[in-house]
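Visitor: I should like to examine this structure with you, beginning at the ligand and moving on to the helices. May I put some questions?

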Amino acid sequence: MTVRALRSTYWAMTEIFTGNFTQQEPIPDDAIEAALAVLHHGRLHRYNTAPGELSETALLEQEFATLTGAAYALAVASGGYALATALRAVGVGPGDRVLTNAFTLAPVPGAIASVGAKPVFVGVTEHLTLDLEELERQADQADVLMLSHMRGHICDMDRLAQICDERGLTLIEDCAHTMGGSWNGIASGRHGVVACYSTQTYKHINSGEGGFLITDDAKIAARAVMLSGSYMLFERHLAAPPPEAFAELKYVTPNISGRMDNLRAAILRPQLRDLPRQIERWNERYRVLESGLRDTPGLRIVERHSKEVYVGSSFQFLLLDWEEDKVVDVVTRCAARGVELKWFGTPEPHGFTSRYDSWRYAPGQSLPDSDRILRGILDLRVPLTFSQEDCALIARIVRAEVGAVWQGG
Ligand SMILES: *Cc1c(COP(=O)(O)O)cnc(C)c1O
């Protein structure tokens, strides 16, 4: 080999990625304009409206209800707040047990703990979805299941709905990663009695912080509206039940302030209109990563179900049954080349990544089958600031480094 060929091989082997895994796209111009209009008139509080004016928040709720097909929608301060409100609205209280995923994000068990209830964790499968057999075994421990579609992986919702039906479980869905996704033609969030979404910066539409709650149940919707801090102004909502639904509830439902404001709503409305196009773009990038990593020895792709419409805003793969120090090696080598992998197997929680045994306020549980999966999960964000070429490069780097460690034995 000539020196020149050698050098180019060397550089090809040491391609470096320089993108930023936490950099989302800027807020679109029409959203900035809408935000400026709100700033100019100064009526940021959702119930502060000029005569005849419909607030940005009320309009956003109406549009979100239309998008999901739900009868009622409520915009709130965060996804975690939506989850806690959903629990309160279905009647969960201190000492109750609530089933939820062992593999999820901290705001989910946190919401359960915030109402004085106890999370009971249900394990994760190799598809990164809730283990439905384990759910059946644990079903008699609780009346409510808070199902988290963690990282956008949707379990067999037909079977899940059947289990909830048979076992009398009230289903609350955490759709933080499935806004715009669906199962078997039904929008994610439409299987449960209530569904919650997040509009935090790392989710599918970005208002910094924010969230939604949807339901078809008028009582639950009315309770959630009162809980969110509507005072007696619930008639200003466009996606809430009629005043009759509030008749008794308005006296007995506490105000646990957590409203959305008009500034954030103004930013979200144009983004919501743009969501289908953004989903296409996420999925183009997801597919580049998937095809770039498929058939890498030692690496397992998380295969998606044909009934699942997913939003590829993040990508996971498994290094299943690898020794810990080898996984650490892969993470370190990828990081050295600019590729940030999050590992759910670290003994100590880091950054956003924690797991059921990190949440020690919950009763302790041992889930060895899930531990095996969690130890193998590698996760990367796919912000839309990455091009498809960026994703191809990321896949080449991960493939090369997994290969190097795998062959190293
Ligand atoms: C982001 C997220 C939430 C809600 O988070 P907030 O930051 O409170 O909006 C809930 N569940 C999962 C799985 C999440 O990733």
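Visitor: How far does a backbone N or O atom of Gly-80 lie from an oxygen atom of the ligand?

Guide: The model is a predicted one. Gly-80 is among the residues that come nearest to the ligand, out of 16 around it. The partner in the ligand is an oxygen atom, and the backbone N or O atom of Gly-80 lies from it at 2.7 Å.

Visitor: Which residue has a polar side-chain atom 2.8 Å from a nitrogen atom of the ligand?

Guide: The residues that come nearest to the ligand include His-177, Ser-198 and Asp-174. An oxygen atom of the ligand is 2.8 Å from a side-chain N or O atom of Gln-200. For the nitrogen atom of the ligand, the residue at 2.8 Å is Asp-174.

Visitor: How are helix 4 and helix 5 oriented to each other?

Guide: Helix 4 covers residues 79–89 and helix 5 residues 107–114, and their axes are 9 Å apart. The helices pack at an angle of about 40°. Angles from 35 to 65 degrees fall outside the parallel and perpendicular classes, and the two helices are therefore oblique.

Visitor: How many charged residues are in the contact of helix 11 with helix 13?

Guide: Helix 11 (residues 324–336) and helix 13 (residues 388–407) pack at about 145°, in a right-handed crossing. Lys-326, Asp-329, Val-330, Arg-333 and Cys-334 of helix 11 meet Val-398, Glu-401, Val-402, Ala-404 and Val-405 of helix 13. By class, 6 of these residues are nonpolar, none is polar, and the number charged is 4.

How values were computed: Residues numbered from 1 in each chain as written. Predicted model: local features only at pLDDT ≥ 70, side-chain atom pairs only at ≥ 80, totals over all residues. Heavy atoms only, no water. Axes fitted to C-alpha atoms, helices over the stretch in contact; angles between N-to-C directions. Helix = DSSP H or I, 4+ residues; strand = E, 2+ residues; numbered from the N terminus. Parallel < 35°, antiparallel > 145°, perpendicular 65-115°, else oblique. Left-handed = near helix turned anticlockwise from the far one by under 90°. Contact = heavy atoms within 4.5 Å. Nonpolar A, V, L, I, M, F, W, Y, C, P; charged D, E, K, R; others polar. Near = heavy atom within 4 Å. Polar contact = N/O pair within 3.5 Å; in protein donor to acceptor, adjacent residues only side chain to side chain.
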